[in-house]
Amino acid sequence: MLERKQYKLGKYDIVAAPAAGSMHMLRYTVLLNGKRLGALLSVPTESDCKFLEAPPKVPPLKIFSVTFRPGRPKKDAQRSNGENGESSGPVIPWSIK
């Protein structure tokens with residue numbers, strides 16, 4: 001069984017401990033001034049540690065509205081383009097009429 005190891009990477013303290021349920025994998029916990037920033041299952045680089053310390057801002061989600069469909073006619077709307085019973089849509093030359 002693997003042992004618990006601790007080392008320093010820049011200003012970050014890394015604690016490598018055996019991962020739960022695994023005999024050979026290590027869980028690398030990243031600490032900054034005694035405060036836990038996160039944990040990784042791969043050996044962290046200094047840029048990984050910086051990312052855990054200050055992740056980039058994520059823009060807010062844009063709501064996908066299913067109810068708003070521009071160009072869709074109302075339920076009681078009259079057809080204005082003078083169709084005579086044929087289905088509207090793309091014309092496919094090999095389709096059977």
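The following is a short exchange about how the terms used for this predicted model are justified.

Biologist: What makes up the protein chain, and in which pattern along the sequence?

Modeller: The protein chain has one helix and four strands. Read along the sequence, the pattern is β-β-β-β-α.

Biologist: Why is Ser22 called buried?

Modeller: The relative accessible area of Ser22 is 14%. Buried means under 20%, so Ser22 with its 14% is buried. Ser22 sits in the loop between S2 and S3.

Biologist: What makes the pair of Ser22 and Met25 a polar contact?

Modeller: A polar atom of the Ser22 side chain lies 3.1 Å from the backbone nitrogen of Met25. The cut-off for a pair of N or O atoms is 3.5 Å, and 3.1 Å is within 3.5 Å.

Biologist: How do you know that S3 is largely enclosed by the rest of the structure?

Modeller: S3 has seven residues, and six of them are buried, so the strand is largely enclosed. For the protein chain of 97 residues, buried residues make up 16%.

Biologist: Why are S2 and S3 said to pair?

Modeller: Pairing needs at least two bridges between the strands. S2 and S3 have six bridges, in the antiparallel sense, so they meet the condition for pairing. One of the bridges joins Ala17 to Arg27 in S3.

Biologist: How do you know that S3 and S4 pair?

Modeller: The condition is again at least two bridges. S3 and S4, the latter covering residues 35-40, have five bridges in the antiparallel sense, so they pair too. Among the partners, Tyr28 is bridged to Leu40 in S4. The hairpin of S3 and S4 has two residues between the strands, and Asn33 there takes a positive phi near 55°.

Biologist: What makes the group with Tyr12 and Cys49 a nonpolar core?

Modeller: A nonpolar core takes buried residues of certain types, including Ala, Val, Leu, Ile, Tyr and Cys, joined through side-chain atoms within 4.5 Å. The largest such core has eight residues: Tyr12, Ile14, Ala16, Leu26, Tyr28, Val30, Leu32 and Cys49. Their types are on that list, so the name fits. Strands S2 (12-18) and S3 (26-32) each supply at least two residues of this core. S3 gives the most, with four residues.

Biologist: Which atoms supply 58% of the area that the protein chain exposes?

Modeller: Carbon and sulfur atoms supply that share, out of about 9,100 Å².

Conventions:
Residues are numbered from 1 along each chain as its sequence is written. This is a predicted model: local features need pLDDT of at least 70, side-chain atom pairs count only at pLDDT 80 or more; totals for chains, interfaces and linings use all residues. Side-chain values use heavy atoms; hydrogens and water are left out. Buried means under 20% relative accessible area, exposed over 50%, partly exposed in between (1.4 Å probe, protein chains only). A polar contact is a pair of N or O atoms within 3.5 Å; within protein, one must be able to donate a hydrogen and the other to accept it, and residues adjacent in sequence count only if both atoms are side-chain atoms. Accessible areas come from the Shrake-Rupley method with a 1.4 Å probe; for residues, only the protein chains shown count as cover.
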